[in-house]
Amino acid sequence: MRAEEPCAPGAPSALGAQRTPGPELRLSSQLLPELCTFVVRVLFYLGPVYLAGYLGLSITWLLLGALLWMWWRRNRRGKLGRLAAAFEFLDNEREFISRELRGQHLPAWIHFPDVERVEWANKIISQTWPYLSMIMESKFREKLEPKIREKSIHLRTFTFTKLYFGQKCPRVNGVKAHTNTCNRRRVTVDLQICYIGDCEISVELQKIQAGVNGIQLQGTLRVILEPLLVDKPFVGAVTVFFLQKPHLQINWTGLTNLLDAPGINDVSDSLLEDLIATHLVLPNRVTVPVKKGLDLTNLRFPLPCVSTQY
């Protein structure tokens, strides 16, 4: 019987050659999905061209549509980039402030001497945010959704398909308290509110999907506790309003994603800011009574305070 010849040291065995795929096979397995993706993208981009030629449309309409699509995509990319930058600043706020002040060699309290930082309040808000989110979700489904359906017969199919308020909670960047010598029964506090949220809220109306994916809101909110009482609940009413129109930016999803189109996104955000201004920006205010039977006329329409000091 003829003995098997030993394999050469550098030569691969027959079994190893059968099990280990060659470089050509691995290369073809990698190129095949990329080739299929490329073909699908080419067909997707050439589809409108074929449709325009089939319908006999002018090349001007095709170029105009391509220009608007590129403009919308660029605007959408810039909006998402600004949101990502805001998230990065929110996560590394201390590093950003230190980097900006490093060249000036000045502490932050010199720039804002009458504004106090309240990191303890932000820690409390961060700890309680998941529970507040569950409370708001139940209020949206049990209170807000039935009220919207009752507004019109066309809104009877309105429903919240997704309610997720995200992990990013609102922050209070600074607090300024005001002392008032002409009215000592009042406490006035200005809160610098910053909300860069990753919330996802989706609604459905007659099989039409719409929603919001990310909100940015920044502004100075004034809170007035007035009048102060000598018995419970110690505060008669709470009045809130923005000193100026807050900055608002929303990322839309679903059908409302059309609001992110160039020229429309600024108009939509401006309309929402005006809607907030009609209810929550000075001279408009919201007054919530705490003590029953309290007359809110003077709180909603206060008279100007005249100081007697000269």
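Buried here means under 20% relative accessible area, exposed means over 50%, and partly exposed is in between. The tour uses these words throughout, and the model it walks through is a predicted one.

**Stop 1: two cysteines**

Select C194. Its relative accessible area is 8%, so C194 falls under the 20% cut-off and is buried. Now select C169, which is also buried, at 11%. How many disulfides does a search of the whole structure find? The search finds zero.

**Stop 2: helix α6**

Select residues 119-151, which make up helix α6. A straight helix of 33 residues would span 48 Å at 1.5 Å a residue, but the end C-alpha atoms of α6 are only 42 Å apart. Where does α6 bend? Centre the view on W129: the helix bends there by about 50 degrees. A proline, P130, follows within four residues of that point.

Next, colour A121, N122, W129, S133 and E145, which are buried residues of α6. W129 therefore appears twice at this stop, as the site of the bend and as a buried residue, under the 20% cut-off. To see what the buried residues of α6 pack against, show three strands: β1 (159-164), β2 (171-178) and β3 (187-205).

**Stop 3: the nonpolar cores**

Stay with β1 and select F160. Leaving out residues up to four places away in sequence, F160 touches F140, R141, L144, E145, I201, S202 and V203. One of these, E145, was among the buried residues of α6 coloured at the previous stop.

Add I215 and I250 to the selection. Together with F160, they have the most contacts inside the largest nonpolar core, a set of 16 residues. Which strands each supply at least two residues of this core? They are β1, β3, β4 and β6, the last of these covering 247-254. The most comes from β3, which gives four residues.

Another core lies apart from this one and has 10 residues. To find it, select V118, V172, A277 and V281, which are among its members.

**Stop 4: salt bridges**

Side chains of opposite charge can pair when their charged atoms come close. Over the whole structure, a search finds eight salt bridges; this stop visits some of them.

Go to E119 and show its side chain. E119 is partly exposed, with a relative accessible area of 28%. R117 forms a salt bridge with E119, with 2.8 Å between the closest N and O atoms. R171 forms a salt bridge with E119 too, and here the closest N and O atoms are 3.2 Å apart. Because R171 is in strand β2 and E119 in helix α6, this pair ties together parts that are 52 residues apart in sequence. R171 counts as buried, at 14% relative accessibility.

Move to D190 and R222. Their closest N and O atoms are 2.7 Å apart, and the two residues form a salt bridge. What does this pair tie together? D190 lies in strand β3 and R222 in strand β4, so the parts joined are 32 residues apart in sequence. D190 is buried, at 7% relative accessibility. Before leaving, select R117, E119 and R171 together: salt bridges that share partners join them into one network.

**Stop 5: loops with backbone features**

Begin with the loop between β3 and β4, and select Q206. Its phi is near 55 degrees, a positive value in a residue other than glycine. Is Q206 buried or exposed? At 52% relative accessibility, Q206 counts as exposed, because the cut-off for that word is over 50%.

Continue to the loop between β4 (208-228) and β5 (235-242), where P233 lies. The peptide bond joining K232 and P233 is cis, with omega about 5 degrees. F234 is found in the loop between β4 and β5 as well. Though not a glycine, F234 has a positive phi of about 70 degrees. At 47% relative accessibility, F234 counts as partly exposed.

Finish at P283, in the loop between α7 (265-280) and β7 (286-289). The peptide bond from L282 to P283 is cis, with omega near 15 degrees.

Notes:
Residues numbered from 1 in each chain as written. Predicted model: local features only at pLDDT ≥ 70, side-chain atom pairs only at ≥ 80, totals over all residues. Heavy atoms only, no water. Disulfide = S-S within 2.5 Å. Buried < 20%, exposed > 50% of the residue type's maximum accessible area, 1.4 Å probe, protein only. Expected span 1.5 Å × (residues − 1). Bend = angle between axes of the 7 residues up to and from the residue. Contact = heavy atoms within 4.5 Å. Core = buried A, V, L, I, M, F, W, Y, C linked by side-chain atoms within 4.5 Å. Salt bridge = Lys/Arg side-chain N within 4 Å of Asp/Glu carboxyl O.
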